[in-house]
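Biologist: Thanks for sitting down with me. Could we go through this model together, one question at a time?

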Amino acid sequence: LCSDEVLVSNFVNGIWLQDLIAIKSNADRGTLNYLATMNITPEKVARRLLRTFYWSTFETLFYHADPHPGNILVRFDGQL
């Protein structure tokens with residue numbers, strides 16, 4: 001559906017990584033427990049981030065040129 005003149009995008013639900021970091025830093029147990037019910041835990045996200053960055057650096061030509069926490073969305077099924 002995309003071309004040189006038209007760009008199509010989708011809305012994706014989730015939580016920004018910067019928000020997850022703030023929740024973990026503030027030890028907000030209620031929100032962490034709520035996110036865990038949606039399969040989001042800081043430990044699992046950290047492992048996936050490391051695996052993703054390793055993969056993009058050493059195993060493929062895909063490269064995320066701006067990987068700061070404001071540009072990474074954690075989906076409610078635990079995917080990045």
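Modeller: Gladly! This is a predicted model. Let's begin with its surface: the protein exposes about 6200 Å², and the share of that area supplied by carbon and sulfur atoms is 56%.

Biologist: In what pattern do the helices and strands follow one another along the sequence?

Modeller: There are three helices and two strands to place. Read along the sequence, they give the pattern β-α-α-α-β.

Biologist: What is the radius of gyration of the protein, set against a compact globule of 80 residues?

Modeller: The C-alpha trace spans about 45 × 30 × 20 Å along its principal axes. A compact globule of 80 residues would have a radius of gyration near 12 Å, whereas the protein has 15 Å.

Biologist: What part of the contacts with a separation of 6 or more comes from residues 24 or more positions apart?

Modeller: Burial first: 20% of the 80 residues count as buried. As for the contacts with a separation of 6 or more, the part from residues 24 or more positions apart is 66%.

Biologist: Which residue forms a salt bridge with Lys 24?

Modeller: Side chains of opposite charge can pair when their charged atoms come close. The structure holds one salt bridge, and its closest N and O atoms are 3.8 Å apart, inside the 4 Å cut-off. It links distant parts of the chain, with Lys 24 in helix H1 (residues 17–25) and its partner 19 residues away in helix H3. That partner is Glu 43.

Biologist: Is Glu 43 buried, partly exposed or exposed?

Modeller: Lys 24, at 39% relative accessibility, counts as partly exposed. Glu 43 has 44%, and because the class between buried and exposed runs from 20% to 50%, Glu 43 counts as partly exposed.

Biologist: Which residue has its backbone oxygen 3.2 Å from a polar atom of the side chain of Ser 56?

Modeller: Ser 56 sits in helix H3 (residues 42–59). With a relative accessible area of 7%, Ser 56 is buried. The backbone oxygen 3.2 Å from its side chain belongs to Phe 53.

Biologist: Which residues make the nonpolar surface patch of about 320 Å²?

Modeller: One member is found in the segment before strand S1 (15–16): Val 8. Val 8 counts as partly exposed at 38% relative accessibility, so Val 8 passes the 30% cut-off for patches. The full set is Leu 1, Val 6 and Val 8.

Biologist: How far apart in space are Leu 7 and Trp 55?

Modeller: Leu 7 also lies in the segment before S1, and at 76% relative accessibility Leu 7 counts as exposed. Leu 7 and Trp 55 are 48 residues apart in sequence, and their C-alpha to C-alpha distance is 27 Å.

Conventions
Residues are numbered from 1 along each chain as its sequence is written. This is a predicted model: local features need pLDDT of at least 70, side-chain atom pairs count only at pLDDT 80 or more; totals for chains, interfaces and linings use all residues. Side-chain values use heavy atoms; hydrogens and water are left out. Patches are made of residues with over 30% relative accessible area and no salt bridge: like charges are joined within 9 Å, nonpolar side chains (Val, Leu, Ile, Met, Phe, Trp, Tyr) within 5 Å. Accessible areas come from the Shrake-Rupley method with a 1.4 Å probe; for residues, only the protein chains shown count as cover. A salt bridge is a side-chain nitrogen of Lys or Arg within 4 Å of a carboxyl oxygen of Asp or Glu. Helices (H or I, at least four residues) and strands (E, at least two) are DSSP runs, numbered from the N terminus. Buried means under 20% relative accessible area, exposed over 50%, partly exposed in between (1.4 Å probe, protein chains only). A polar contact is a pair of N or O atoms within 3.5 Å; within protein, one must be able to donate a hydrogen and the other to accept it, and residues adjacent in sequence count only if both atoms are side-chain atoms. The radius of gyration is taken over C-alpha atoms; the globule rule is 2.2 Å times the number of residues to the power 0.38. Contact means heavy atoms within 4.5 Å.
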